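Thanks for coming, everyone. I'll take one structure and walk you through it. Please have a look first.

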Amino acid sequence: MKVVPHYEVKLYIGSNTFFSDDVFTQEDIEKFVGEVQDDYDYIIPLRITPTTFVAGSDYKESGLEVTAINYPKISTTEDKIKLFMLHLANALLIKFNQHTICVMDGETTTMLKGLKY
C-alpha cells in the first residue's frame, strides 16, 4: 500500500469553438491530450469526463473536465502536476480555438484566454 497527500488539478474546456467553425469530439481531445503527454518530460495520468456548463436560462454548453491527481503509482510533486495542467490548457486553447479554459487546483482558479480574446 502507498499513500500520498490528496492533490488534484482540473481543467474545463467547452465544446464550442469561438474563432472557427471547427467541431471536435471527446475522442479528438483524448487523442490530442495523449500526444501532449507523449511530448512532455514526464507522464501525468488524466481522467476525462463529460460535463455541462449552465449560466442562467439562456446559456448551456457541453464540455469536458480533465483531471490530474497525485497518483500514488508515480512519483511527482504538486508543482509538476499544476505546471503540466497549465501547459496542457495552453495547448488546448490553441488547438481547439477556445475562448477560455479554467484550471483549478482547490486553492486557485486560473482562467487562460485564447489568443483572439
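Start with Asp105. Is Asp105 buried or exposed? Its relative accessible area is 15%. The cut-off for buried is under 20%, so Asp105 counts as buried. Keep in mind that this is a predicted model.

Where does Asp105 sit? Asp105 is in a loop, the one between strand 4, residues 100–104, and strand 5, residues 109–113.

Now its side chain. What does the side chain of Asp105 reach? One target is the backbone nitrogen of Thr108, at 2.8 Å. The side chain of Lys82 is another partner: the two side chains make a polar contact at 3.1 Å. Setting aside residues up to four places away in sequence, Asp105 touches Tyr7, Glu8, Val9 and Lys82.

That brings us to Lys82. This residue is found in helix 2, which runs over residues 78–95. Lys82 is a lysine with 15% relative accessibility, and under 20% is buried, so Lys82 counts as buried. Its side chain also makes a polar contact with the side chain of Thr108, at 3.3 Å. So we have a small set to look at together. Asp105 pairs with Lys82. Lys82 pairs with Thr108. And the side chain of Asp105 reaches the backbone nitrogen of Thr108.

Which residues does Lys82 contact, leaving aside neighbours within four places in sequence? They are Tyr7, Val9, Val103, Asp105, Thr108 and Thr110. Tyr7 and Val9 also appear among the residues that Asp105 touches.

Next stop, Asn97. Asn97 lies in the loop between helix 2 and strand 4. Look at its backbone. Most residues other than glycine have a negative phi. Asn97 is not a glycine, yet its phi is positive, about 50°. Buried or exposed? Relative accessibility is 19%, and the limit is under 20%, so Asn97 counts as buried.

Move on into strand 4, to Cys102. Its relative accessible area is 24%, so Cys102 is partly exposed. Which residues does Cys102 touch, not counting those up to four places away in sequence? Lys10, Leu11 and Tyr12 are among them. So are Thr109, Thr110 and Met111. Thr110 is also in contact with Lys82. One more pair: Cys102 and Glu65 are 37 residues apart in sequence, and their C-alpha atoms are 9.9 Å apart in space.

Now step back to the whole chain. How many helices and strands does the protein chain have? Two helices and five strands. Along the sequence, the pattern reads β-α-β-β-α-β-β.

What about overall dimensions? The C-alpha trace spans about 45 × 30 × 25 Å along its principal axes. For 117 residues, a compact globule would have a radius of gyration near 13 Å. The protein chain has 15 Å, which agrees.

Inside and outside, quickly. Of the 117 residues, 36% are buried. The accessible surface comes to about 7,400 Å², and carbon and sulfur atoms account for 51% of that.

Then contacts along the chain. Take contacts between residues at least 6 apart in sequence: 59% of them join residues at least 24 apart.

Last, charge. The protein chain has 11 positive and 17 negative side chains. How far apart are the centres of the two sets? They lie 3 Å apart.

That's the tour. Thank you.

Key:
Residues are numbered from 1 along each chain as its sequence is written. This is a predicted model: local features need pLDDT of at least 70, side-chain atom pairs count only at pLDDT 80 or more; totals for chains, interfaces and linings use all residues. Side-chain values use heavy atoms; hydrogens and water are left out. Helices (H or I, at least four residues) and strands (E, at least two) are DSSP runs, numbered from the N terminus. Buried means under 20% relative accessible area, exposed over 50%, partly exposed in between (1.4 Å probe, protein chains only). A polar contact is a pair of N or O atoms within 3.5 Å; within protein, one must be able to donate a hydrogen and the other to accept it, and residues adjacent in sequence count only if both atoms are side-chain atoms. Contact means heavy atoms within 4.5 Å. The radius of gyration is taken over C-alpha atoms; the globule rule is 2.2 Å times the number of residues to the power 0.38. Accessible areas come from the Shrake-Rupley method with a 1.4 Å probe; for residues, only the protein chains shown count as cover. Lys and Arg count as positive and Asp and Glu as negative; His and the chain ends are not counted. The place of a charge is taken as NZ of Lys, CZ of Arg, CG of Asp or CD of Glu.
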